[in-house]
Amino acid sequence: HGGKANEHELAADLAVIVNEQVKRLVAAGCRYIQVDEPLFARRPAEALSYGINMLDRCFAGAGPEIFKVVHICCGYPDHLDQQGYLKADPTSYANLAPALALSSIDAVSIEDAHRTNDGETLTKFGEKIVILGSVTVAESRVESVEEIKGRLTEVLKSIPAERLMVAPDCGLGLLPRDVLQQKLTNMCEAARCCGSVMP
């Protein structure tokens, strides 16, 4: 079998398995379900060819009462404060956004604190809610409230407050607890000041 064909078939099989789990979460009462997608940003051609379709299959049968989210990861370091670790191509989000805008998901979670996105990219997500990574997850430096507010104010020139949510860039596993708590405290305060939403 060819490698590409096998990847497509594997993705289809995985989508069925994830969908089964999504249905179980719905049955258990979950109303906010997020799929973390580690490869879309690194392999946008495959994401556009079949990946986003498979994402829709993951949420098949989840009704409009379910808030469906995808987080698109751009890369994760080996350790805290690592410099120069490999990230996805900076154009990936812009390339993926129009197709994601047509998908069944309600919100797209993207990284922005480590590397900001331009306003044009943000508008390409159409009517989807953008969950904007507003604090880094691999740096021990704590962003100030004013710094985060400044970025959110800039983003609000491109998308309205009702379609902007704030979150960390990605998972928080590398951060010491005190640093993590201060980052989240500052992020929430900045979001309240700007009128954006916290998930």
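The largest cavity in this predicted model has a volume of about 50 Å³. Around that space sit Gly75, Tyr76, Tyr85, Lys87, Glu111, His114, Thr136, Val137, Ala138, Asp169 and Cys170. Sort that lining by class and you get five nonpolar, three polar and three charged residues. If you want to picture how such spaces turn up at all, think of rolling a probe the size of a water molecule over the atoms, which shows where empty space is left.

How many cavities of 30 Å³ or more does a search of the whole structure find? The count is two, and the second largest has a volume of about 30 Å³. Its lining is made by Cys74, Lys87, Tyr93, Glu111 and Arg115. Lys87 and Glu111 may ring a bell: both line the largest cavity and both line the second largest as well. By class, the second lining holds two nonpolar and three charged residues, with no polar ones.

Now let's turn to the sheet. It is an open one with five strands, ordered E1-E2-E3-E4-E5 and paired in parallel. Which strands sit at the edges? They are E1, covering 32-37, and E5, covering 164-168, and each of them pairs on one side only. Going from one strand to the next, the twist averages 25°. To get your bearings at the E1 end, look at how E1 pairs with E2 (residues 67-72): six bridges join them in the parallel sense. Within this part of the sheet, Gln34 stands opposite Val69 in E2.

Helices pack on this sheet too. H3 touches E2 and E3 (107-110), and its direction makes about 160° with that of E2. Over at E4 (129-135) and E5, the helix to look for is H6, residues 177-194, which lies across both strands and runs at about 170° to E5.

H3 has a helix partner as well. Two packed helices are described by the angle between their axes and the distance between the axes. For H2 (residues 44-58) and H3 (residues 92-101), the axes come within 10 Å and cross at roughly 35°, and the crossing is right-handed. On the H2 side, the contact is made by Pro44, Ala47, Leu48, Ile52 and Leu55, while H3 brings Ser92, Asn95, Leu96, Ala99 and Leu100. What classes of residue make up this contact? Eight are nonpolar and two are polar, and none is charged.

H2 also takes us to the last stop, the largest pocket, which has a volume of about 490 Å³. Its lining counts 20 residues, and the closest to the pocket's centre are Ala11, Leu14, Glu37, Leu39 and Phe40. Helix H1 (3-27), E1 and H2 are the elements that give two or more residues to this lining. Which of the elements provides the largest share? That would be H2, with seven residues. By class, the pocket lining has 14 nonpolar, one polar and five charged residues.

So H2 is a handy thread to follow on screen: this helix crosses H3 and lines the largest pocket. E1 makes another good landmark, as an edge strand of the sheet that also gives residues to the pocket lining.

Technical notes:
Residues are numbered from 1 along each chain as its sequence is written. This is a predicted model: local features need pLDDT of at least 70, side-chain atom pairs count only at pLDDT 80 or more; totals for chains, interfaces and linings use all residues. Side-chain values use heavy atoms; hydrogens and water are left out. On a 1 Å grid over the protein atoms alone, a cavity is a set of points where a 1.4 Å probe fits but cannot get out, and a pocket is an open set with protein on both sides within 12 Å along at least five of seven lines; lining residues have an atom within 4 Å of a point. Grid points are joined across faces, edges and corners, and a volume is the space filled by probe spheres set on the points. Ala, Val, Leu, Ile, Met, Phe, Trp, Tyr, Cys and Pro count as nonpolar, Asp, Glu, Lys and Arg as charged, and the others, Gly among them, as polar. Axes are lines fitted to C-alpha atoms, for helices over the stretch in contact, and angles run from 0 to 180 degrees between N-to-C directions. Helices (H or I, at least four residues) and strands (E, at least two) are DSSP runs, numbered from the N terminus. A crossing is left-handed if the near helix is turned anticlockwise from the far one by less than a right angle, and right-handed if clockwise. Contact means heavy atoms within 4.5 Å. Two strands pair if DSSP finds at least two bridges between them.
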